[in-house]
Amino acid sequence: MTSIGKLWTVSYQPTGMRIRAIAAFCDLSLEIPDNFNFPVDNRSPEFESKFLSGMIPAFQGNDGFCLFETTAIAEYVASLAPDSGLLSASPKELALIHQWVSYADTEIGRYTNQTVKLLHSGPLYNKEVSYASIALEVLLTGTNFLTPDA
Ligand SMILES: N[C@@H](CCC(=O)N[C@@H](CS)C(=O)NCC(=O)O)C(=O)O
């Protein structure tokens, strides 16, 4: 089975599992880079030059195409196997797929994720929102005035 590209994730990451499951369902293989030290290497200039969010999961195709955000990666991987039946050519069916993915991520995931973080004594301060603001700032203005710890 030929690999379609690399997926930066960690073994316990549910969103990475979602993408890996889709690849397996589609009979596609993904390379998982060795020696990836999360949450350090994802903030390296090399990683952030490919993936502005600095977040995992992150995907790079064999053609160099770089993508972050679970749903975008998952949909792209599914699109590489059009016969899998995971995506639909019908706009209505595709809209229903997006509806349920979005519903699960926003209306369920945002609460369960926070609960898991609290159970693991995670900080109430949300570092990820801080980093996301910086990524948007750089994208829109080309400048970074915010700091990750602001
Ligand atoms: N919106 C992103 C969220 C991904 C996410 O929250 N990734 C976390 C790990 S679970 C991350 O990379 N955080 C960056 C860090 O901790 O430096 C997606 O859907 O893929």
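Asn-35 counts as exposed, because only a handful of residues gather around its side: there are 5 C-beta neighbours inside 10 Å, and a residue with 12 or fewer is classed as exposed. In this predicted model, Asn-35 sits in the loop between S2 and H2. Its backbone is worth a look too, since phi is positive at about 55° although the residue is not a glycine. As a rule, most residues other than glycine have a negative phi, and most peptide bonds are trans.

Asp-27 makes a good companion to that first stop. Here phi is near 60°, again a positive value in a residue other than glycine. Asp-27 belongs to the loop between helix H1 (14-25) and S2, and the positive phi comes just after H1. Is Asp-27 buried or exposed? With 10 C-beta neighbours inside 10 Å, it counts as exposed.

Let us step back for the overall layout. The protein contains 5 helices and 4 strands, and reading along the sequence gives the pattern β-α-β-α-β-β-α-α-α. Of its 150 residues, 17% count as buried. Among contacts with a separation of 6 or more, 58% are between residues 24 or more positions apart.

Now turn to H1 itself. This helix has 12 residues, and the distance from its first C-alpha to its last is 16 Å, close to the 16 Å expected at 1.5 Å a residue. Its buried residues are Gly-16, Arg-18, Ile-19, Arg-20, Ile-22 and Ala-23. A helix geometry point helps when reading such a list: an α-helix has 3.6 residues a turn, so residues three or four places apart point the same way. What do the buried residues of H1 pack against? Their partners are strand S1 (3-8), S2 and helix H3 (70-79).

The pairing with H3 can be followed in detail. H1 and H3 pack at an angle of about 5°, and their axes are 9 Å apart. That angle makes H1 roughly parallel to H3, because angles under 35 degrees count as such. On the H1 side, the contact is made by Thr-15, Arg-18, Ile-19, Ile-22 and Ala-23, while H3 contributes Thr-70, Ile-73, Ala-74, Val-77 and Ala-78. By class, the residues of this contact divide into 7 nonpolar, 2 polar and 1 charged. Several names return from the buried list of H1, including Arg-18, Ile-19, Ile-22 and Ala-23.

Two peptide bonds deserve a visit next. The bond from Phe-38 to Pro-39 is cis, with omega near 10°. Pro-39 lies in the loop between strand S2 (29-31) and helix H2 (45-50), and Asn-35 is also found in the loop between S2 and H2. A cis peptide bond also joins Ile-56 and Pro-57, where omega is about 0°. Pro-57 is placed in the loop between H2 and strand S3 (58-61).

Which residues are closest to the ligand? They are Pro-39, Met-55, Ile-56, Glu-69 and Thr-70, out of 12 residues that surround the ligand. Pro-39 therefore brings us back to the cis bond with Phe-38, and Ile-56 to the cis bond with Pro-57. Thr-70 is also one of the H3 residues in the contact with H1. By class, the shell around the ligand has 4 nonpolar, 5 polar and 3 charged residues.

Definitions and conventions
Residues are numbered from 1 along each chain as its sequence is written. This is a predicted model: local features need pLDDT of at least 70, side-chain atom pairs count only at pLDDT 80 or more; totals for chains, interfaces and linings use all residues. A residue is near a molecule or strand if its C-beta atom, placed from the backbone, lies within 6 Å of it. Ala, Val, Leu, Ile, Met, Phe, Trp, Tyr, Cys and Pro count as nonpolar, Asp, Glu, Lys and Arg as charged, and the others, Gly among them, as polar. Helices (H or I, at least four residues) and strands (E, at least two) are DSSP runs, numbered from the N terminus. A residue is buried if 20 or more other C-beta atoms lie within 10 Å of its own, exposed if 12 or fewer, and partly exposed in between; C-beta atoms are placed from the backbone. The expected span of a helix is 1.5 Å times one less than its number of residues. Two residues are in contact if their C-beta atoms, placed from the backbone, lie within 7 Å. Axes are lines fitted to C-alpha atoms, for helices over the stretch in contact, and angles run from 0 to 180 degrees between N-to-C directions. Angles under 35 degrees count as roughly parallel, over 145 as roughly antiparallel, 65 to 115 as roughly perpendicular and the rest as oblique.
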